[in-house]
Amino acid sequence: MKKVLITGGAGFVPSSLADALLKTDKYFVVAIDNLLTGKLTNLADSNIENYKFIKCDANHYRELSAVMLSFQFDYVFHYAAVVGVKRTLENPIMVLEDIEGIKNVLSLSKNTGVKRVFFSSSSEVYGEPVEFPQNEFTTPLNSKLPYAIVKNIGEAFFKSYQKEHGLDYTLFRFFNTYGPKQSADFVMSKFIRKALNNEDITIYGDGSQTRTFCYIDDNISATIKCLETDLIVNDVINLGSNVETSVLELAKMIISKTNSTSNIIHLPALEEGDMTRRQPDNSKMLAIIGSPLMSLEIGMQKVIDSIRN
């Protein structure tokens, strides 16, 4: 079995990745998390023989080195990060400390024979973009806020380690990914939970800001194909849908689908951190998956059904 380390392993996307890898019976998966935002309920069954969870903070070198030296991993997915718009805006120093985790992962991967490291970057590296759709190479990176800056610096570290030490990498720029495990900190899950409880749904500004929404299964499908067929090696890829939906449209769709009596309440626009548009060039992702992405309507219904149940 190939040995895989997933940092931030109690989070939504990384725990979903662990679940998918374990279904193949080809991997021994170790998930680590400091449980700042991760949830124990997201973790795979502890009785699975080829799975192990360890409480560990990737930003602490001695903790991470104990894990990586013990297992000698083939692949590392570095997904641990401080996440959530409100949390990252209120804790900028904590966000910047994630640079240490990136350096720790790369240094230990280089020294323990890891074949390739996968990094969860973000659409936030594009900042307020000047080009649509946002292309991995032609769209300038316009990082201004600490979270986006850390992701941009992280990408530079991965490229530099490959150049100097030959450590292969893959950079995933995630656009809004959603699914049943997602916490209520994020827009899709938050709106659905509010609607199911007939509570007011609050929107910053007029709600015209757009996002694209990618169901978790499509994200994981592309990720595993990149792993197993040696795609996007020493390269970067946007992972997300290219269909734009405004935040106001999203709220109205959710209210309609849940037959909710929720009211939409408009709050003052955020001073920073709420970009006006998001739309990736996802042609690389579509080529890798080989089929259309799940529609927002179908994916949204899956999340609604899951929360109801």
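## Inside the fold: cores, rings and a few buried residues

Leaving aside residues up to four places away in sequence, Leu-21 touches Val-4, Ile-6, Tyr-27, Val-29, Ile-224 and Leu-227. That makes a good way into this structure, which is a predicted model.

Leu-21 belongs to the largest nonpolar core, a set of 54 residues. Along with Phe-77, Phe-172 and Met-188, Leu-21 is among the members that touch the most other members of this core. Helix α1, residues 12-23, supplies the largest share of the core, with seven residues. There is also a second, separate core of 30 residues, and Phe-28, Phe-71, Val-82 and Phe-158 are included in it. As background, nonpolar side chains in soluble globular proteins tend to be buried together.

### Aromatic rings

How many aromatic pairs does a search of the whole structure find? The count is 12. Two stacked pairs are set out here.

| Aromatic pair | Centre to centre | Angle between the planes |
|---|---|---|
| Phe-28 and Phe-71 | 6.0 Å | 25° |
| Phe-172 and Phe-174 | 6.0 Å | 10° |

The pair of Phe-28 and Phe-71 ties together parts that are 43 residues apart in sequence, because Phe-28 lies in strand β2 while Phe-71 lies in helix α2 (residues 61-71). Phe-71 has a relative accessibility of 16% and so counts as buried. Phe-28 and Phe-71 are also both included in the second core.

In the other pair, Phe-172 and Phe-174 are both buried. They take part in a cluster in which ring pairs link Tyr-75, Phe-77, Tyr-79, Phe-118, Phe-172 and Phe-174. Two names in that cluster, Phe-77 and Phe-172, have come up already as residues that touch the most other members of the largest core.

A ring can also sit beneath a charge. The charged end of Arg-277 is placed over the ring of Phe-132, at 3.6 Å from its centre.

### Cysteines

If you are thinking about cysteine chemistry, here is the picture: the structure has zero disulfides. Why does Cys-226 not bond with Cys-214? The closest cysteine sulfur to that of Cys-226 is the one in Cys-214, and at 12 Å it is too far for a bond. Cys-226 is buried, because its relative accessibility is 0%. Cys-56, at 4% relative accessibility, counts as buried too.

### Two buried residues in loops

Where is Ala-44 placed? Ala-44 is in the loop between β2 (27-33) and β3 (51-55). Its relative accessibility is 14%, so Ala-44 counts as buried. Not counting residues up to four places away in sequence, Ala-44 touches Asp-19, Leu-22 and Tyr-51. Ala-44 and Ser-16 are 28 residues apart in sequence, and their C-alpha atoms are 9.0 Å apart in space.

Thr-258 is found in another loop, between α9 (247-257) and β13 (264-267). Is Thr-258 buried or exposed? With a relative accessible area of 7%, Thr-258 is buried. A polar atom of the Thr-258 side chain lies 3.4 Å from the backbone oxygen of Ile-255. Beyond residues up to four places away in sequence, Thr-258 touches Ala-195, Leu-196, Ile-304 and Arg-308.

Conventions:
Residues are numbered from 1 along each chain as its sequence is written. This is a predicted model: local features need pLDDT of at least 70, side-chain atom pairs count only at pLDDT 80 or more; totals for chains, interfaces and linings use all residues. Side-chain values use heavy atoms; hydrogens and water are left out. A nonpolar core is a set of buried Ala, Val, Leu, Ile, Met, Phe, Trp, Tyr and Cys residues joined through side-chain atoms within 4.5 Å. Buried means under 20% relative accessible area, exposed over 50%, partly exposed in between (1.4 Å probe, protein chains only). Helices (H or I, at least four residues) and strands (E, at least two) are DSSP runs, numbered from the N terminus. Contact means heavy atoms within 4.5 Å. A disulfide is a pair of cysteine sulfur atoms within 2.5 Å. Rings of Phe, Tyr and Trp (its six-membered ring) pair if their centres lie within 6.5 Å; planes under 30 degrees apart count as stacked, over 60 as edge-to-face and the rest as tilted. A charge sits over a ring if NZ of Lys or CZ of Arg is within 6 Å of the ring centre and within 35 degrees of the ring normal. A polar contact is a pair of N or O atoms within 3.5 Å; within protein, one must be able to donate a hydrogen and the other to accept it, and residues adjacent in sequence count only if both atoms are side-chain atoms.
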